[in-house]
Amino acid sequence: MADYEITIIGGGPSGIFAAFYAGLRNAKVQLIESLPELGGQVTAIYPEKTILDIGGYPQIKGRDLIEQQEAQLAEMDVDVKLDTTVTNVNKTETEFKITTNHGVTTSQTVIVATGVGAFNPRKLAVDNSADFEGSHLFYSVRDLEHFRNREVLVAGGGDAAIDEALMLTGVASQVYLLHRRDQFRALESAVDRLHASSIQLITPYLIKNLELTNEQRVKVTAKKMRTDDEMTELVVDDIVVNYGFSAENSILDNWDVHLTNERGQILADQGGNTEVAGIYAIGDVATFADKQALIATGMGEAPLAVNSAFKFMDPNGRGPMHSTSIHL
Ligand SMILES: Cc1cc2nc3c(=O)[nH]c(=O)nc-3n(C[C@H](O)[C@H](O)[C@H](O)COP(=O)(O)OP(=O)(O)OC[C@H]3O[C@@H](n4cnc5c(N)ncnc54)[C@H](O)[C@@H]3O)c2cc1C
């Protein structure tokens, strides 16, 4: 008899919702997350960002969304294992063996919700940037209050950079946005809000040098793109760089069960089924035609995969009901 009916690997928004839904169906579930907190990319990268595309919430901060998900999960009897990384999954005749840095458990089915894997921010390519990290240079806005009444330079041109710059206008005394192109590759509505805001744009420039001033501020030197030596200088209190993230999902390639394609993603159908019967993939790690890596997508896939797992465990079992019923 396996220790668990369903093991969910990865405690991002998709994995948390899958664990909740599996609990709703009375499955014996474990949720395994390598980080010390649940929430995946939302917690690790953008806890302060306002998210606009979650059903039922006109807007919600990343941090608050995960808190709501945790509260929902707490209603269920799920074994949540934090600080635990799955290093191998292998299939025996009757079950799956899940190996982590804390030991081995067995499970009848597995839902892989490992997202983009271990991710790291792309760093500012300036020699001495490491000297400023954590004091004046940040790769995400984790504590909005740190920036209150300070002058902040945000670097980057995507959605996340614009979101961060807009968010900072609420607390910083002045926000600058520096980008190496004149155009921003972000949602049109975000660009409209940017142009309507008090943010001062510095384009098309690239940061070349950082220097600490006597007042413990940072002198930023940036070069105008497509010029030989046209420079601009600006003194600010803090710099927030958002050049995106590089993701590392190669840990999956080391598992005994073979799941990934050459891009490190797992091919899944609309029920989350992978090439290995009994293993399902949801959220950012799962791919299929026209897939969009959104929280809403992963949350939509979660119940489908849980129900597929139930069907695998009991092909003749009753299908899912609504969470509450009405009698007509
Ligand atoms: C800057 C930014 C802004 C975004 N804004 C939005 C937005 O506004 N709206 C929206 O819908 N989406 C947005 N997204 C995308 C959204 O965050 C992702 O689609 C979502 O986080 C995917 O959730 P997930 O649970 O599938 O994966 P993830 O959030 O990546 O979570 C996966 C989890 O699995 C864990 N894990 C990985 N490997 C292992 C292992 N071997 N063992 C144990 N645990 C493991 C990781 O630590 C991680 O916590 C944004 C993404 C970024 C980067």
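1. Start with D284: an N or O atom in its side chain sits 2.8 Å from an oxygen atom of the ligand. Bear in mind that this is a predicted model, so treat the distance as a computed one.

2. Y46 makes a similar kind of approach, with a polar side-chain atom 2.4 Å from a ligand oxygen. I295 joins in through its backbone instead: an N or O atom there lies 2.9 Å from an oxygen atom of the ligand. As for cover, the ligand on its own would expose 1,000 Å², and the protein buries 90% of that.

3. Who else is around? The shell holds 32 residues, and the ones that come nearest are S14, E33, Q41, Y46 and D284. Y46 and D284 therefore turn up twice in this note, once in that nearest group and once each for their side-chain contacts.

4. On the make-up of the shell, I'd note 15 nonpolar residues alongside 13 polar and 4 charged ones. Two helices are worth clicking on here: α1, residues 13-24, and α2, residues 40-45, each of which supplies at least two residues of that shell.

5. α1 also has a helix partner. It packs with α3, residues 62-74, at an angle of about 20 degrees, and the two axes are 9 Å apart. Angles under 35 degrees count as roughly parallel, so α1 and α3 fall into that class. Their crossing is left-handed.

Terms used:
Residues are numbered from 1 along each chain as its sequence is written. This is a predicted model: local features need pLDDT of at least 70, side-chain atom pairs count only at pLDDT 80 or more; totals for chains, interfaces and linings use all residues. Side-chain values use heavy atoms; hydrogens and water are left out. A residue is near a molecule or strand if one of its heavy atoms lies within 4 Å of it. A polar contact is a pair of N or O atoms within 3.5 Å; within protein, one must be able to donate a hydrogen and the other to accept it, and residues adjacent in sequence count only if both atoms are side-chain atoms. Accessible areas come from the Shrake-Rupley method with a 1.4 Å probe; for residues, only the protein chains shown count as cover. Helices (H or I, at least four residues) and strands (E, at least two) are DSSP runs, numbered from the N terminus. Ala, Val, Leu, Ile, Met, Phe, Trp, Tyr, Cys and Pro count as nonpolar, Asp, Glu, Lys and Arg as charged, and the others, Gly among them, as polar. Axes are lines fitted to C-alpha atoms, for helices over the stretch in contact, and angles run from 0 to 180 degrees between N-to-C directions. Angles under 35 degrees count as roughly parallel, over 145 as roughly antiparallel, 65 to 115 as roughly perpendicular and the rest as oblique. A crossing is left-handed if the near helix is turned anticlockwise from the far one by less than a right angle, and right-handed if clockwise.
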